Amino acid sequence: SPEHVGAGARVIALTRRPRGDGDISWSLTTQQETAARLRQQQATVLIHAAWDFSALTRKEIYRVNVEGSKRLLASAREAGVRRVVFISTISAFRGARSMYGQAKLAVEAAVAEMGGVILRPGLVFGASPGGVFGSIRRQVRGSRFIPLIGSGAAAQYLISEQTLADLVADAAFGRFDHFAGQPITLA
């Protein structure tokens, strides 16, 4: 959002449900060309945080998320976008066993080829958390039992929504360009 990116920044949402004239109708399964719309909106930075969690099989995850991300990156390059920031995951690393981590790693490779900034946050928390942290929070609040991740001995790396938003803004404004193509783990 504009308040997180900074004063004077104009945010153009690539979304399934556009709300404003500047928003672009898009999803990871969009086959249409988005470069013309990005160019028309004079986009200079792409912050890519989209992920479709409804894809469950390896084939579907790669078709939707990895190939969809690669199409988006190609459109951004064609549109003249100068900087790409990819929100990956701490689960993406060489030797990752989870399909999620492996797929994010594949997208990271495409972002690295473009010299983009790759951020690998852990569990993101905030006032109204979603994702894994939100699921854990709902489970804890709605049960007499507290779930353990693994054996319960593994460290969990948390980052607040605000800290992540500040780091994304820093990356968008080029403050991490010296890390271009190298993942930055936020733990």
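Which residues of the largest nonpolar core touch the most other members? Bear in mind, before selecting anything, that this is a predicted model.

**The largest nonpolar core**

Select Leu 38, Leu 46, Leu 73, Val 107 and Val 111, which, of the 25 residues in this core, are those that touch the most other members. To see which elements surround them, colour helix H2 (35-40), helix H3 (58-79), strand S4 (83-87) and helix H4, each of which supplies at least two residues of the core. The greatest contribution comes from H3, which gives 7 residues. In soluble globular proteins, nonpolar side chains tend to be buried together.

Now centre the view on Leu 46 and display its surroundings: leaving aside residues up to four places away in sequence, Leu 46 touches Leu 72, Leu 73, Ala 76, Val 81, Arg 83, Val 84 and Val 85. A second core, separate from the one just visited, has 12 residues, among them Leu 119, Val 168, Ala 171 and Leu 186.

**Strands S4 and S5**

Leu 119 leads on to the strands, for Leu 119 is the bridge partner, in S5, of Ile 87. S4 and S5 pair in the parallel sense, over 3 bridges. Select S5 as a whole (residues 117-121), and note that 5 of its 5 residues are buried. In a regular strand the side chains alternate between the two faces of the sheet. Here both faces are covered, with Val 117, Leu 119 and Pro 121 buried on one side and Ile 118 and Arg 120 buried on the other.

**Lys 104**

Return to Ile 87 and show its backbone oxygen, which lies 3.0 Å from a polar atom of the side chain of Lys 104. Lys 104 belongs to helix H4 (residues 99-113), and although Lys 104 is buried, it has no salt bridge. If you look for the nearest side chain of opposite charge, you will find Glu 108, 7.9 Å away. The contacts of Lys 104, not counting residues up to four places away in sequence, are Trp 51, Phe 86, Ile 87, Ser 88, Thr 89 and Ala 92.

**Glu 60**

For the last stop, select Glu 60, which is found in helix H3. Is this residue buried, partly exposed or exposed? Glu 60 counts as partly exposed because its relative accessible area is 28%, a value that falls between the 20% limit for buried and the 50% limit for exposed. Its side chain reaches the backbone nitrogen of Leu 56 at 3.2 Å, and, residues up to four places away in sequence again being left out, Glu 60 touches Ser 54, Ala 55 and Asn 65.

How values were computed. Residues are numbered from 1 along each chain as its sequence is written. This is a predicted model: local features need pLDDT of at least 70, side-chain atom pairs count only at pLDDT 80 or more; totals for chains, interfaces and linings use all residues. Side-chain values use heavy atoms; hydrogens and water are left out. Helices (H or I, at least four residues) and strands (E, at least two) are DSSP runs, numbered from the N terminus. Buried means under 20% relative accessible area, exposed over 50%, partly exposed in between (1.4 Å probe, protein chains only). Lys and Arg count as positive and Asp and Glu as negative; His and the chain ends are not counted. A salt bridge is a side-chain nitrogen of Lys or Arg within 4 Å of a carboxyl oxygen of Asp or Glu. A polar contact is a pair of N or O atoms within 3.5 Å; within protein, one must be able to donate a hydrogen and the other to accept it, and residues adjacent in sequence count only if both atoms are side-chain atoms. Contact means heavy atoms within 4.5 Å. A nonpolar core is a set of buried Ala, Val, Leu, Ile, Met, Phe, Trp, Tyr and Cys residues joined through side-chain atoms within 4.5 Å. Two strands pair if DSSP finds at least two bridges between them.
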